Amino acid sequence: MFGLVPFGGHRGLTSREHNTPFDLFDAMRDSFFDSSFPAANWGASSFKVDVKDSGDHYELSADLPGMAKEDISLRYENGYLTIAATRNESKDEKDDNGNYIRRERHTGEVSRSFYIDGIDDANIRAEFKDGVLQVNLPKSASAPERKQIEIH
């Protein structure tokens, strides 16, 4: 029955491995937040995004591992690009009699918005492959050229 507990054990919490009580406290804190059950803390932090200026367009790359394309929403409105992802996960295990030994469910949602002005929104292209969302944001031809302004 102990194999069902989603914890990794005590990972070095004995006092003989630490010089001060503060070291023991730090080890307990780190052990508590170092979950060996990654689905339990999915969505606790935001996903990673890279935005690159490639001259005539921007390239955005968002890491969304474990997601399906159907769970991702991409929207460009009023100069803001918004990426939202929702995950509903359920794991059921039963014994031979149909009694539950373990039932775990997780629902999470993450969202990020970026202000990217001067985009030709009719030609935005996106592709999701291998857990990475790639978005190509072409710059608008009518976007004003930025120039240095002299300060008097």
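1. Start with R87. In this predicted model, R87 has a relative accessibility of 16%, so it counts as buried, the cut-off being under 20%. You'll find R87 in strand 4. And where does the side chain of R87 reach? It goes to the backbone oxygen of G66, at 2.8 Å.

2. Strand 4, home to R87, covers residues 80–94 and gives two or more residues to the largest nonpolar core. Strand 2, strand 5 (100–115) and strand 7 do that too. The core has 20 residues, and the ones touching the most other members are L60, L64, I72, I83, L133 and L137. As background, nonpolar side chains in soluble globular proteins tend to be buried together.

3. L137 is worth clicking on. Which residues is L137 in contact with, once neighbours within four places in sequence are set aside? They are H57, Y58, L60, L81, I116, I119 and I124.

4. Now for strands 2 and 7. Strand 2 takes in residues 57–63 and strand 7 takes in 132–138; the two run antiparallel, with seven bridges joining them. If you want a spot to look at, try L60, which sits opposite V135 of strand 7. L60 also belongs to that set of core residues touching the most other members.

5. Step back to the sheet: four strands, open, in the order 1-2-7-6, with antiparallel pairing. Strand 1 (49–53) and strand 6 (125–129) are at the edges; each has a single partner strand, so one side of each has no neighbour in the sheet. On average, and ignoring direction, neighbouring strands here are turned by 15 degrees against each other.

Definitions and conventions: Residues are numbered from 1 along each chain as its sequence is written. This is a predicted model: local features need pLDDT of at least 70, side-chain atom pairs count only at pLDDT 80 or more; totals for chains, interfaces and linings use all residues. Side-chain values use heavy atoms; hydrogens and water are left out. Two strands pair if DSSP finds at least two bridges between them. Axes are lines fitted to C-alpha atoms, for helices over the stretch in contact, and angles run from 0 to 180 degrees between N-to-C directions. A nonpolar core is a set of buried Ala, Val, Leu, Ile, Met, Phe, Trp, Tyr and Cys residues joined through side-chain atoms within 4.5 Å. Buried means under 20% relative accessible area, exposed over 50%, partly exposed in between (1.4 Å probe, protein chains only). Contact means heavy atoms within 4.5 Å. A polar contact is a pair of N or O atoms within 3.5 Å; within protein, one must be able to donate a hydrogen and the other to accept it, and residues adjacent in sequence count only if both atoms are side-chain atoms.
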